[in-house]
Structures are given as C-alpha cells and as structure tokens.
Amino acid sequence: MSQDRPEVVRVVNREVQANTYLVSTGSGGCLLIDPGLDRESIETALERSGLRPRAIFCTHGHFDHVGTAEHFRQRYEVEVYLHDADRRVARGSNFTMMALKMPWRIDTPQSTVAIDEGTAWSEGGVEVNVVHVPGHTPGSVVLLIDGHAFTGDTLYRHGTFLGSMPESDHEGLRVSLQRLWDMLPADMEVHPGHGRPAVFGEIRRSNEPLRELLGLPAMAGGGS
C-alpha cells in the first residue's frame, strides 16, 4: 500500500453491525463516513484517535448509515454530504425502522449538501471523489479517497445484497456493479458498509455471487 494513503479507522456499530469509518485528513482532522446507530462507539473511536470530523459523508440514506449524522453535524458544526436522490430515503428512516419492528429512532439529517459525480470535497491534499451507483438506493454512491473505496451497501467483500426495500432496483445495481468492476483497480482498498475490507483484486477472484450476478464464470478455487 502507498505510504501516502490516509489512515482508515473502522468502527463496527453494535446495532445492525454496520461499518462507520474515520478517514484521516491531516492536522488532526478526519472524514466521518456512514455514521450509524451506535453513537457511543463512534464517539469512543474519535476520542481514542484524537481526530475531529471535518465533514460527514453518507454513502446512502438508510438508517444504519445516517443514524447519528445529525448528532455529529451539530456537535462538530460540519456539513453532511448525501446524494439528493436519497434525501427522501433518509427522511423516512424512522418509518422504515418502525415497519421493520426495530426499537430505535433517529434524528434525521436536517441539512445536507448534495453530492454527485466528481470531486465533492478536498482539504490538506485529501480529495473525495464521488461515483454515483444507483441500485441499492437511488442515491447510493461510492466514495474514492486516495486509494480507498467506501462502497456502502453496493459492493461487499463476500456476496451481494439485492435487498427488498421499495427503493431497491436490482437491474440498476447490476449495472452499477459492472461499472465498478470495470473502473476499480486491483489494488484499490474496498471498505464496505458491512463486513471486512479487502483489495478489489481479491473481491474479483473470490466473490462468486458477484461474479454470477455479472454473468462471469466461476473462478477455479476462488472461494475464500
């Protein structure tokens, strides 16, 4: 891995087991990506790392990825970045959790900055580039940050998640995954919304459900 790549801290939320990431930006700052439902664990990680959020990015609007965005927006007086197509998804988080018979409720983001294709943020030599990947939700994005890809619920290390939510578009997800397959280099560090990270070359070789979804042949001995 390049020495220039920023440090990434993964926080596994105790509720729903979603990943939140702290990405260092230098000078004690960080990007807070997908702040989930577990405020305490995220706050502990920030305290231990000594990092202070400079901005909050959400890969999509589901409750387990925006659950504490409003809390941290207010606490650190920073912007929340979210694709406009997922603002409605985020606003409906409490209804979704109620429908799923989940016990939690959140303060939905009251203010968001719209992101789309291209460079969305830069500071101290760290740049956030956005790839719009509709499918899991209409406004799902992948965040590319200096050799790291934060893929939310679009791309995992193992398996795929087509989902059954009303906003899910299975064919759209397949198209988006094909785009990522063609775009991402083999040495790109992929940090998914759930599960452990992996380099993309490993995912290409060992993620058989993904290969099947894209109509690719199975790799001999590819499972791991």
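1. A good place to begin is with one pair of residues, because E202 and R157 are both buried, and in this predicted model the two side chains form a salt bridge in which the closest N and O atoms are 2.8 Å apart. The pair links distant parts of the chain, since E202 belongs to helix α7 (residues 200–206) while R157 sits in the loop between β10 (148–152) and α6, and the two residues are 45 residues apart.

2. Salt bridges can also share partners, and in this structure such shared bridges join R14, D38 and E40 into one network. A search of the whole structure finds nine salt bridges, and the points that follow take up two further examples. Side chains of opposite charge can pair when their charged atoms come close.

3. The side chains of R54 and E123 meet in a salt bridge, with a distance of 3.1 Å from N to O. R54 lies in strand β4 (residues 52–57) and E123 in strand β7 (residues 118–123), so this pair ties together parts that are 69 residues apart in sequence. As for their surroundings, R54 is partly exposed, with a relative accessible area of 29%, and E123 is likewise partly exposed, with a relative accessible area of 31%.

4. Another salt bridge is formed by R179 with E117, and here the closest N and O atoms are 2.9 Å apart. R179 is found in helix α6 (residues 170–183), whereas E117 is found in the loop between β6 (113–114) and β7, so that the pair links distant parts of the chain that are 62 residues apart. R179 is partly exposed, its relative accessible area being 33%, and E117 is partly exposed too, with a relative accessible area of 41%.

5. Turning from charged pairs to empty space, a reader may ask what volume the largest pocket has. The value is about 250 Å³. Of the 14 residues that line this pocket, the closest to its centre are H62, F63, D64, F161 and M165. Sorted by class, the lining of the largest pocket is made up of seven nonpolar, five polar and two charged residues.

6. For a reader who wants to follow these points in the structure, the buried pair E202 and R157 can be set beside R54 and E123, which are partly exposed at 29% and 31% respectively. The pocket can then be located from the residues closest to its centre, among them H62 and F161.

Technical notes. Residues numbered from 1 in each chain as written. Predicted model: local features only at pLDDT ≥ 70, side-chain atom pairs only at ≥ 80, totals over all residues. Heavy atoms only, no water. 1 Å grid on protein atoms, 1.4 Å probe; cavity = no way out; pocket = protein on both sides within 12 Å on 5 of 7 lines; lining within 4 Å. Points joined across faces, edges and corners; volume = space filled by probe spheres on them. Nonpolar A, V, L, I, M, F, W, Y, C, P; charged D, E, K, R; others polar. Salt bridge = Lys/Arg side-chain N within 4 Å of Asp/Glu carboxyl O. Helix = DSSP H or I, 4+ residues; strand = E, 2+ residues; numbered from the N terminus. Buried < 20%, exposed > 50% of the residue type's maximum accessible area, 1.4 Å probe, protein only.
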